[in-house]
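Colleague: Got a minute to go through this assembly with me? I'd like to talk about how the helices and the copies sit against each other.

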6 protein chains.
Amino acid sequence: MMRILVANANTTEAITRLCAEAARAAAAPGTDILPATPRFGPAVISSRAENVIAGHALLELLADHAGQVQAVVLAVSHDTALEAARQLMPCPVVGMTEAACLTACMVGGRFGLLTLGGVETYRELIARHGLSARLSGLEGLAATPQDAVAEPARVEAMVLEGIARLVEGGADAVVLGGAALAGMAARLGPRAPVPLLDGIACAVKLAEALVGLGLPRPRGGSLAPLSGRQSTGLSPALAALLRG
Amino acid sequence: MMRILVANANTTEAITRLCAEAARAAAAPGTDILPATPRFGPAVISSRAENVIAGHALLELLADHAGQVQAVVLAVSHDTALEAARQLMPCPVVGMTEAACLTACMVGGRFGLLTLGGVETYRELIARHGLSARLSGLEGLAATPQDAVAEPARVEAMVLEGIARLVEGGADAVVLGGAALAGMAARLGPRAPVPLLDGIACAVKLAEALVGLGLPRPRGGSLAPLSGRQSTGLSPALAALLRG
Amino acid sequence: MMRILVANANTTEAITRLCAEAARAAAAPGTDILPATPRFGPAVISSRAENVIAGHALLELLADHAGQVQAVVLAVSHDTALEAARQLMPCPVVGMTEAACLTACMVGGRFGLLTLGGVETYRELIARHGLSARLSGLEGLAATPQDAVAEPARVEAMVLEGIARLVEGGADAVVLGGAALAGMAARLGPRAPVPLLDGIACAVKLAEALVGLGLPRPRGGSLAPLSGRQSTGLSPALAALLRG
Amino acid sequence: MMRILVANANTTEAITRLCAEAARAAAAPGTDILPATPRFGPAVISSRAENVIAGHALLELLADHAGQVQAVVLAVSHDTALEAARQLMPCPVVGMTEAACLTACMVGGRFGLLTLGGVETYRELIARHGLSARLSGLEGLAATPQDAVAEPARVEAMVLEGIARLVEGGADAVVLGGAALAGMAARLGPRAPVPLLDGIACAVKLAEALVGLGLPRPRGGSLAPLSGRQSTGLSPALAALLRG
Amino acid sequence: MMRILVANANTTEAITRLCAEAARAAAAPGTDILPATPRFGPAVISSRAENVIAGHALLELLADHAGQVQAVVLAVSHDTALEAARQLMPCPVVGMTEAACLTACMVGGRFGLLTLGGVETYRELIARHGLSARLSGLEGLAATPQDAVAEPARVEAMVLEGIARLVEGGADAVVLGGAALAGMAARLGPRAPVPLLDGIACAVKLAEALVGLGLPRPRGGSLAPLSGRQSTGLSPALAALLRG
Amino acid sequence: MMRILVANANTTEAITRLCAEAARAAAAPGTDILPATPRFGPAVISSRAENVIAGHALLELLADHAGQVQAVVLAVSHDTALEAARQLMPCPVVGMTEAACLTACMVGGRFGLLTLGGVETYRELIARHGLSARLSGLEGLAATPQDAVAEPARVEAMVLEGIARLVEGGADAVVLGGAALAGMAARLGPRAPVPLLDGIACAVKLAEALVGLGLPRPRGGSLAPLSGRQSTGLSPALAALLRG
């Protein structure tokens, strides 16, 4: 029995539930999905400042589960605090956009990314992952998550058009970024010319793969476990992890 | 029940067996490993010319199994013919060094690669995968596969020293490249400061993940399935796949 | 009269004082330096996890001063939460390592960076700033901030040797990274073959330059001001800035 | 008297003749062009799989001529098996797209590439050659080689429009990729705003230049000649070259 | 009292005056602007050849002022001879486009550049500065400097449209390149969605910052001062600087 | 009969003669080498400032020969004013280091560069040519051109050791940079493990190749011929070329 923490980074429970659902749909038999929502932070992350705040909230949330799960999936499309979580936690941690991009690398040459709203922070995220050379383009649709709920057919048509533009621009696969598009990869897949990648699904499968590999925790390198780090005003569990 | 073809690209059965063993050790319960060896080609691939020839041999071998396996692992550290195999086959295909590098991306910041002999073709391979920004360095040990068999303790000591140099140079994980090092990741792991990644093990886990995702085959993009391609002098199965 | 907030990101007042001192030494007549320390977070930032937590602490600290200062200098060598702070605050924000690197670009061809301890997060930081092509190399000395206090002569000798190696490797200037090296640029400058750059000094001068330029705040782009962002459990000032 | 092997990589004799004609038109007096066609493989290369198969066929073809020619031009726009051929053969080997791109580097700042059909494999090829920074853009026309034969005027008009777009996008020269466009560079040159580069012509001139330089064969490095490589099922000449 | 030489690189006095005016508008109280025009060279620089010639003219001009100014601003949008001037002069030297680009890096994520006429040499310039990863795009308007004088309203409208396209393409700031656009940043700023950067203004502020830092001149590295260099036919002052 | 101008960029006739000799040794029968030396400028180019001045001197020299030669070889290892010369002259122009680097690309995977003295400007030059991905490393020997004349055996030994280090670091070919090493490629070739590339020889062969291709001069793009450019104080021939 493997337990994967699916950790949302914003405080909206509905999004946590949506991600948990997607995770359960992707999980192997024998994988238990444990959803969790931070205690504080932004309701939704759509700016750099919210993303920074959510990073702390997410680490606090993770610290509460250290030792109780075999892997963590960060259910936030900005891969918030990913490397920090990796260093902090005694188990594998996978980001949902990271997972979708790495999966895309195994599916074709270059991939595109489509999201609602601005794309620049996604461009930066893919650069941070060192994958810019595999990115064919980004499409930021002029639609909000609310639109996706209110007018699903219209938004789906927009998404399909965006996918077509990305394929025209050289994409062999398309990453759908953002919780608002959760579930859409499965729904639109049959109508798209290339595979659509859902971050949560990819992250769950890669987390299972990492657990299966059973790699030891590093003792050296830039992700060596922390010890003896002092802090003020943090949650007891987080402060304890910093102390090692 | 999932069946994964573990396809060697050289004609040495002993290496096929070694890789099959490593694959079986990594496979999930319910994953069946089917090893296979090409009909023709180089005994061992250690040059660009041999790698090109092996590409054809490998595609012929794969064509013989099209439709009979749920995924393919290319058991050759040069990821020979990887993109071509991906386009040709109706199922996921994963290269062993590709898999180890992508796994390394989920384990730390930058990774190193260690192999016996020259490193330049590995540097080119990682560039081809678009992962150069994640590569901290390469170590090519002055030892042969024969040495690894004849003097395992000496070669293991050399490997550990090479790993130490890579970690000193910024590696958070080390990919062990080449069949001669198969099994060494597991054996030396406890003595290494960072995770050691075995290509076959990583490829099996990622192949299982891809099968689990159940992505549709592309209809467009640069990996759209072939149809109507004419050829001369190829194996019947390979010629049939080209015809679509 | 221009007031610059010099915001430490860790909770150690002594470091805040050290940075404030360096900032005052660099400030133009008429520039007032206002030092500040976060309410919570790590005592010292030396890991990815601490850096994430400090990001939230820093934004909270900045929010408390929004509208009361003409510019902000982030007195933390990881340029923690820099882009987020830039979006959040109604005034220019400059990171100390960012500032030193940009200054280095105006002083020579490529620059090196020297710090105590590990260098990988600095390498990533410079990549995040898009300046990797200007980086000649990094030197991470095997010494602690405590050593720098206890045995200054020995550490200074180590620093000069590290600088020499960086110049040998092609550096036309050397950025000294980390609060532990504050003041050393001025002290060792006369004995170094190339200019040494102190992050706080550079950041103060560039902040003054930005204030002098009087650029309008963006209305569009990825740093457009926030409005209507909801949150839970944040400090009143920070929550108010998110609401716009 | 210099003899250059112009080696097609597909099995279509008509394309071999077309390339030989273009080669003869470009060759210096005293250069003898020897065209050759592989024994097996794809009729035309328009997929990754066909390109891999053609690599083996091409090496077999080259091995049959080793020692009998002073240079080799690979008459295939994918520069199939180029580095392998370079290592295998005792004489200079030049790829036609490589040659056109390197020539373009001597003609202007950035260059564009125009072909019939998809462009992604050309983008990858130029990256493999390390020339991405010199590439301004790619144009893949929605026309087939058959169209080029059946409706030359229409296709020529499309090509000129594509060239105009590439120049608009910053191209100082345009590489015409693919055998279907052979001869078009000369024909359309006077109507194009920038030089058009024909791969075969460029390759012949650069092959002549390399023969003129008389460089020794490497004894070290990643292209050191092969020796003692064992194989199964290869043509006698190819197996012999592997044995050294 | 700080004196900054604002050195035009073409021989058109009117442009020198325009730049001096922009410099004075940006200068701090206590900064004295000294404009200067070369003795020979192109009337306007709009080609690579003119830029090379202007490089010599500019160095001659600078040599005439060595020791008499505390900093130099190169009032030429191609940053002509920038690194050479830096090595030659005993004081800080800042290029106007360099300054605008570095300032843009402190204002947002990626920046765009807009100019009249061709953009390729600006693309190359930004690559030479190592800032390509921060460049979102370039806009070259089909208008001449003469148009900007004759029909300012029409050209301003074109500029605003170009800025909008750049912001659409991901620019968080826009550099206005070329003397013909001097003053436009201030004029159009209020109507633009992101900050507009004027090269002269940015360069003056960064020059003041560098003077304030008081960095020592390098003794080593690639910009170490010259000594003992012999020459023929140069101006006495320039020849003297080469001799050291 | 083809005439190639071999244009030195410094004023030392002895170096012009040395280069002319190397050019004649490489030239095909029927190629006439016309050496030329600038009227003014540095005696030797070993700094950025000298290189800028030499750019003007070189263009003046070239203008004196426009229309009288079929190609130009820039006999200066910094490829001084290369793109400008290309735009200015009505015939092909090739730089000697450019030529050696492009030739190296046809000889192996990555290449190294070895020179006497500093290497940073060569690193920048190779980046300007967009070839950084093909560069394995640079070796700057601690020897002067005078040493090479006074103690040839000692310097040759140093060169061979430097070549060995470059090959160890992944070079498949080594470019010898700088006039002081002219002739050494031929002399040391038999003792080096990889091909040594002499800039003048490579440039002459590539110039012959370009003349043979007979490409038309561009009418558009960033190298379109000049017309109507006004100037002051230039040589009559250079001013005339600017006027078009």
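Colleague: How are α2(E) and α2(F) oriented to each other?

Modeller: Bear in mind that this is a predicted model. The axes of helix α2 (residues 48–63) of chain E and helix α2 (residues 48–63) of chain F come within 8 Å and cross at roughly 125°. Angles over 145 degrees would count as roughly antiparallel and 65 to 115 as roughly perpendicular. The crossing angle fits neither range, so the two helices are oblique.

Colleague: And which hand does the crossing of α2(E) and α2(F) have?

Modeller: Going by how the near helix is turned from the far one, the call depends on anticlockwise versus clockwise. For α2(E) and α2(F), the crossing comes out left-handed.

Colleague: What classes of residue make up the contact of α2(E) with α2(F)?

Modeller: On the chain E side, the contact uses E:A49, E:V52, E:I53, E:G55, E:H56 and E:L59. Chain F brings F:A49, F:V52, F:I53, F:G55, F:H56 and F:L59. By class, that gives eight nonpolar, four polar and no charged.

Colleague: Over to the other pair: how are α9(A) and α9(B) oriented to each other?

Modeller: Here we have helix α9 (residues 199–213) in chain A and helix α9 (residues 199–213) in chain B, with axes that come within 9 Å and cross at roughly 150°. They pass in a right-handed crossing. The cut-off is over 145 degrees, so α9(A) and α9(B) are roughly antiparallel.

Colleague: How many charged residues are in the contact of α9(A) with α9(B)?

Modeller: From α9(A), the residues include A:C202, A:K205 and A:L206, and they meet a set in α9(B) that includes B:C202, B:K205 and B:L206. Split by class, the contact has ten nonpolar and two polar residues, and the charged ones number two.

Colleague: What symmetry axis relates chain A and chain B?

Modeller: Lay chain A on chain B and you need a turn of 180° and a shift of 0.0 Å along the axis, with an RMSD of 0.0 Å. The same surface serves both copies, as 100% of the contact residues of chain A recur in chain B. The relation is therefore that of a two-fold axis.

Colleague: Then which C-alpha in chain E is nearest the axis that relates chain E to chain A?

Modeller: Chain E superposes on chain A by a rotation of 120° with 0.0 Å of shift (RMSD 0.0 Å). That makes it a three-fold axis. At 7.0 Å from this axis, the nearest C-alpha in chain E is that of E:A133.

Colleague: How far apart are the nearest C-alpha atoms of chain B and chain E?

Modeller: Those two chains do not touch. Their nearest C-alpha atoms are apart by 14 Å.

Methods: Residues numbered from 1 in each chain as written. Chains lettered and ligands numbered in written order. Predicted model: local features only at pLDDT ≥ 70, side-chain atom pairs only at ≥ 80, totals over all residues. Heavy atoms only, no water. Axes fitted to C-alpha atoms, helices over the stretch in contact; angles between N-to-C directions. Helix = DSSP H or I, 4+ residues; strand = E, 2+ residues; numbered from the N terminus. Parallel < 35°, antiparallel > 145°, perpendicular 65-115°, else oblique. Contact = heavy atoms within 4.5 Å. Nonpolar A, V, L, I, M, F, W, Y, C, P; charged D, E, K, R; others polar. Least-squares fit on C-alpha atoms with pLDDT ≥ 70 in both.
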